[in-house]
Amino acid sequence: AFSNIDVQNSEAGRQKDLTMILGAVEGVEGGHHKLNYICKQRIRKSLHHEVKRMLAKRRDARGQLLASEQSLQEVAQLALVLCTFFDNHQAAHTLIDEAVTCLETKVYAARPTSAHRDTCIIDRLQAHKARILEKSSDPTHWEMALQIYDNLASRDAAAELRLQRIGGQAQLLTRLDRDLEMAEQRFDEVIDELQKQDLSSSHTNSGNIEASTRNRRKLNEYKAGKANLLKKLGKNEDAVQLYQEVIRDKIETYGFDHMSVLKTKSNLAQLYAKTGEKGPGLAKALDIFLECVGGGERCYGKEHHFT
């Protein structure tokens, strides 16, 4: 949410106070863009500190993870946060491995009579690990994630993991340029199911806002993945249409400068550049790339790897 921060949208009780504040802001070197960046970086630093604090509370006096089911699942969620919001893939990978090992050696060993329940929990932690590996830029990690999803499929893991497994397999097959027809089928399956869930929730009004937003995020993630696949298959018009749809929905959900929006825009720009040669497509690509660079600088700074 803090990617939407913009001091130019500030409010004040009196107009003259607002005018004075905005005037002072523009007097600062770099103006409102610089102040926005400073605010976002400080919020990001504060959130990172909070994640570390929450992880510390889930360790005992010896520094070992607490072995309760709830605590380990919370650790898995925090590992995903480290990966998704702070690009700390190595720390997230190490943390989720530690959680899985802790559950296997402590909880399962202490309660052998609850083997099925413990296996379900391990499956959920493994699914978190696969998500973290998916977000890596290392193809070796993609292979590892794909193996986890294949293992979950072979064991007929919990139904709640089914859509993540199918969608994850589609994403990874696309990146690895392998079995693309199967990837397209799996994208269609997971997108269709998520759209049905979204429609059902809107009709019954029974779903809460958080669950509905989470569902839309997943839907946009898999639509963006399918657009990447269509680009690989040479179905460029379909890919452009899907990219544009996803960008509109992501802006509504996250805001203009969110990393997810910028990455999808960048993929669209690459497609325009590939197909536009020296025509209008190339000009569109350049405009979008410049938008992405500007968004990256405003939200993450000039030194961030995306920018």
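A contact here means heavy atoms within 4.5 Å. In the protein chain, among contacts between residues at least 6 apart in sequence, 60% join residues at least 24 apart.

This is a predicted model, where local features need pLDDT of at least 70, side-chain atom pairs count only at pLDDT 80 or more, and totals for chains, interfaces and linings use all residues. Residues are numbered from 1 along each chain as its sequence is written, and side-chain values use heavy atoms, with hydrogens and water left out.

The fold has 12 helices and zero strands (DSSP runs numbered from the N terminus: H or I of at least four residues for helices, E of at least two for strands). Of the 307 residues, 41% count as buried (under 20% relative accessible area; exposed is over 50%, partly exposed in between, with a 1.4 Å probe and protein chains only).

Now for the salt bridges, meaning a side-chain nitrogen of Lys or Arg within 4 Å of a carboxyl oxygen of Asp or Glu. The structure holds 15 of them, including these:

| Acid | Base | N to O distance |
|---|---|---|
| Glu184 | Lys235 | 3.4 Å |
| Glu252 | Arg216 | 3.6 Å |
| Glu245 | Lys223 | 2.5 Å |

Glu184 sits in helix H8 and Lys235 in the loop between helices H9 and H10, 51 residues apart. Glu184 is buried at 17% relative accessibility, while Lys235 is partly exposed at 35%.

Glu245 is in helix H10 and Lys223 in helix H9, so this pair ties together parts 22 residues apart in sequence. Lys223 is buried at 7%, and Glu245 is partly exposed at 25%. Through shared partners, salt bridges also join Arg216, Asp249 and Glu252 into one network.
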